[in-house]
Amino acid sequence: MLGFLTKQPLSLLCSGLRIRGLSVLCAQSRKSENPAYAIHRPRAMASSSSSWELPLVAVCQVTSTPDKQQNFKMCAELVREAARLGACLAFLPEAFDFIARDPAETLRLSEPLGGNLLEDYTQLARECGLWLSLGGFHERGQDWEQTQKIYNCHVLLNSKGSVVATYRKTHLCDVEIPGQGPMRESNSTIPGPSLESPVSTPAGKIGLAICYDMRFPELSLALAQAGAEILTYPSAFGSITGPAHWEVLLRARAIETQCYVVAAAQCGRHHEKRASYGHSMVVDPWGTVVARCSEGPGLCLARINLNYLRQVRQHMPVSQHRRPDLYGNLGNPLP
Ligand SMILES: O=C(O)CNC(=O)[C@H](CS)NC(=O)CCC(=O)C(=O)O
C-alpha cells in the first residue's frame with residue numbers, strides 16, 4: 001500500500017512556485033530515510049528571511065481501512081512527523097478513524113466524543129504539543145439510543161488535548177456518479193444542525209467544514225464573514241469527482257473568500273468497494289496551491305501568512321463589493 005508513492009518522479013511531488021517570496025513550498029521525497037510515506041516539505045524561503053517565524057501547518061494524507069488500530073497508528077506516525085518538522089497544527093482527513101465496508105459496519109465501529117478514539121488523540125496532541133484538526137470521525141451523538149445513527153464530526157483539539165470546537169457535517173453526500181459506486185451517507189449519518197463560529201488557533205482563525213460541504217459556497221461565505229482566515233475541508237473525495245472537481249472547488253473557495261484553504265484527503269484503496277482521490281492541498285488566499293500531496297499516504301506542509309491574506313483583501317476588497325440587495329445576503333452572519 002505505502003510503497004508506490006516514493007516511485008513518483010520528484011517533479012510530480014513539487015508544488016513549487018510562489019509570489020513575493022512567501023510560502024515557497026516544494027515536495028521532497030525522503031526515499032532513503034523513510035520508505036513508508038512521502039513528505040512534501042516547504043523549501044527554504046527565497047526572499048523572506050523571517051518566514052520561518054510564520055506558523056507551519058501539516059496536512060496528513062492516509063488510506064483509512066476498517067482497521068481502527070492500524071488507522072490510528074498511521075495517523076499518529078504522520079502527526080509525530082509533523083511535530084518533528086515544526087508544525088503547530090496538523091490536519092487529518094474525513095474518516096481518519098476508519099472507512100467501513102457498509103453502513104452496518106460504520107455504525108458498529110462508531111464511538112461517542114468521550115470514547116477511546118478521542119482519548120488516544122488527546123494523548124497524541126499532548127505528547128506532540130500541537131493542535132489537531134480531526135477532520136471527521138463517526139460520532140455516536142447524544143441521540144444515539146433513539147436514532148441509531150451517527151454524525152460526521154470534525155473535532156479541533158488544542159495542544160493540551162482539549163476539545164476546542166466540534167462541527168457536524170451539514171451537507172450529506174447522497175450521490176450516484178457513474179463509475180464511482182453510490183455514496184449514501186444519510187444511510188448511517190444525520191446532518192449536523194448548525195455551523196460553528198471560526199476558532200482562533202496558533203495558525204489563524206479556522207472555519208470548520210467537511211468534504212462535500214465544499215460544494216456549497218454559501219457555507220464558506222458565512223464562515224469568512226464570521227472572521228475565518230483558514231477554511232478546512234477534510235475529505236474522502238471519490239476517484240471520478242476528484243480529477244474533475246477537487247482542485248477547482250478548493251481554489252474557488254479560497255479565491256472568493258480570500259482565505260487559506262486546507263484540505264486533508266483520504267487516498268488509495270480502503271477496501272474492495274472504495275477508493276479515494278488523494279491530492280491533499282493548501283491553497284493561499286490568492287488561489288495558489290502552496291502545498292500538495294500526490295496519490296499516496298504522506299504529508300505536506302505550508303506556512304500561513306496572515307499579512308499576505310490582509311494584503312490580498314486590501315488590494316481586492318471583494319467582500320465590500322457584494323450586492324445583497326440583488327441576491328440576498330448569501331452566507332448569513334453566524335451568531
Ligand atoms: O463514508 C464515510 O465513512 C465518511 N464519509 C464520507 O466519506 C463521505 C460520504 S460517503 N464522502 C464524501 O462526502 C465524498 C464527497 C465527494 O466525493 C464529492 O463531493 O465529490
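1. Helices here are DSSP runs of H or I, at least four residues in length, numbered from the N terminus. In this predicted model, helix α6 covers residues 217-225, and Gly-227, which follows α6, has a positive phi near 110°.

2. Helix α6 contributes a run of buried positions, namely Leu-219, Ser-220, Leu-221, Ala-222, Leu-223 and Ala-224. The elements covering these buried residues include β10 (204-208), β11 and α7.

3. Two of those covering elements, β11 and α7, also frame the loop that holds Ala-236; β11 spans 230-232 and α7 spans 241-257. Is Ala-236 buried or exposed? Ala-236 has 26 C-beta neighbours inside 10 Å and therefore counts as buried, the threshold being 20 or more.

4. Beyond its neighbours within four places in sequence, Ala-236 is in contact with Pro-93, Glu-94, Ala-95, Ile-99, Cys-211, Gln-266 and Ser-276. By comparison, the C-alpha atom of Leu-56, 180 residues away along the chain, is separated from that of Ala-236 by 23 Å.

5. Which residues come nearest the ligand? They are Cys-173, Tyr-212, Ala-236, Gly-238 and Thr-241, out of 16 residues around the ligand. In character, the residues of this shell divide into eight nonpolar, five polar and three charged.

6. On annotation, an unreviewed UniProt entry places the feature "domain: CN hydrolase" at residues 54-306. Over residues 54-306 the chain is 27% helix and 30% strand, and the C-alpha atoms at the two ends of this stretch are 9 Å apart.

Definitions and conventions:
Residues are numbered from 1 along each chain as its sequence is written. This is a predicted model: local features need pLDDT of at least 70, side-chain atom pairs count only at pLDDT 80 or more; totals for chains, interfaces and linings use all residues. A residue is buried if 20 or more other C-beta atoms lie within 10 Å of its own, exposed if 12 or fewer, and partly exposed in between; C-beta atoms are placed from the backbone. Two residues are in contact if their C-beta atoms, placed from the backbone, lie within 7 Å. A residue is near a molecule or strand if its C-beta atom, placed from the backbone, lies within 6 Å of it. Ala, Val, Leu, Ile, Met, Phe, Trp, Tyr, Cys and Pro count as nonpolar, Asp, Glu, Lys and Arg as charged, and the others, Gly among them, as polar. UniProt positions are given in the numbering used here, feature names are shortened, and annotations may be inferred rather than shown by experiment.
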